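Trainee: I'd like a close look at one part of this protein, the biggest hole inside it. Could you walk me through what surrounds that hole and how it sits in the rest of the chain?

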Amino acid sequence: MAAAGALEKSFVELCGAERETQRRFRDFTVGGSELVGLSGTVKYVESAGGFYYIESSKLFSVTRNRFIHWVTSGDTLELVEESLDINLLNNAIRLRFQNCNVLPGGVHVSETHNHVIILILTNHTVHRLILPHPSRMYRSELVTESQMQSIFTDIGKVDFGDPCNCQLIPTVPGLAANSTTSVAWLSSEGEAMFALPSASGALFVLKLPPHDIPGTVSVVELKQSSVMQRLLTGWMPTAMRLVVAFKKVKSHVLV
């Protein structure tokens, strides 16, 4: 039976008639009293991105041919989870950030054994969404259903204002105003790290503790040596300088 099932899942016929002709988004507002009075009038270009699961190419994986893609525009982030094999239910959400605009490239998705974690940066805030991993939702060795729930199904239960997963970007002297460059990642200990450039070429890193371990939010400024800064400023574009600097100092942040 397993061999027959594997043969069936070795190919798929794409048929538009089997899928919804119009995607149905569920809308959520992200914000709180701490955002009252902040300005969201800064306009950024629209951006888009995508993420595929580590085991998306494995035949018997629940994440086979499964991926997430998104679009940002102003204060709005649209997230959709798709599968080429099955219909995912409740798979499209639209988040609107009060008095904030999503930074271009400000959405980063990471995958752990138990969770899918989405890190989001706006011009005033950072956010961490913690969602169940598909393998934790469905444990069958061979998935044969024609449809199943998306990881976004229960997102209505998420407390978007939880201070453990949502923080204002502090007013730090030297933080580059209206910067569109940012980086976010998960540390090996599960901390959420958000990096923003300063006007002087340094990096400000905001760190959220692991979601399941009590801790405090911290902000660290990372500076380069004057020689390295002159070298990078002379021949590298801004975005590339940020990435190089991030790689150089990342290990120091994790200590």
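**A look inside the largest cavity**

Mentor: Let's start with the layout: the chain contains four helices and 15 strands. Keep in mind that what you have on screen is a predicted model. Of the 255 residues in the chain, 42% are buried. Take the contacts between residues at least 6 apart in sequence: 55% of them join residues at least 24 apart. As for the outside, the accessible surface of the chain is about 13800 Å², and carbon and sulfur atoms account for 55% of that.

Now to your hole. Searching the whole structure turns up four cavities of 30 Å³ or more, and the largest has a volume of about 70 Å³. Its lining is made up of I169, P170, V172, L175, F194, L196, F204, V205, L206 and V219. Two strands, β13 (192-197) and β14 (203-208), each put at least two residues into that lining. The biggest contributor is β14, with three residues. Sort the lining by type and you get 10 nonpolar residues, no polar ones and no charged ones.

One lining residue, I169, leads us on to T122, since I169 is among the residues that T122 contacts. T122 belongs to strand β8. Is T122 buried or exposed? T122 counts as buried because its relative accessible area is 0%, and the cut-off for buried is under 20%. Setting aside neighbours within four places in sequence, T122 also touches F97, C100, N101, V102, L103 and H127. Look at N101 in particular: 21 residues separate it from T122 along the chain, yet their C-alpha atoms are 5.3 Å apart.

Strand β8 (115-122) also takes us to the largest nonpolar core, as one of the strands that supply at least two residues each to this core. The others are β1 (26-30), β3 (66-73), β4 (76-83), β6 (92-97), β7 (102-111) and β9 (125-132). The core has 24 residues, and those with the most contacts inside it are I68, L77, L79, L95, I118 and F152. There is also a second, separate core of 14 residues, which includes Y44, A184, L186 and L208. As a general point, nonpolar side chains tend to be buried together in soluble globular proteins.

Finish with F152 from the largest core. Not counting residues up to four places away in sequence, F152 touches I68, L79, V80, I93, I118 and L131, and also R26, E81, N90 and N91.

Terms used:
Residues numbered from 1 in each chain as written. Predicted model: local features only at pLDDT ≥ 70, side-chain atom pairs only at ≥ 80, totals over all residues. Heavy atoms only, no water. 1 Å grid on protein atoms, 1.4 Å probe; cavity = no way out; pocket = protein on both sides within 12 Å on 5 of 7 lines; lining within 4 Å. Points joined across faces, edges and corners; volume = space filled by probe spheres on them. Nonpolar A, V, L, I, M, F, W, Y, C, P; charged D, E, K, R; others polar. Buried < 20%, exposed > 50% of the residue type's maximum accessible area, 1.4 Å probe, protein only. Contact = heavy atoms within 4.5 Å. Areas by Shrake-Rupley, 256 points an atom, 1.4 Å probe, with all protein chains shown as cover. Core = buried A, V, L, I, M, F, W, Y, C linked by side-chain atoms within 4.5 Å.
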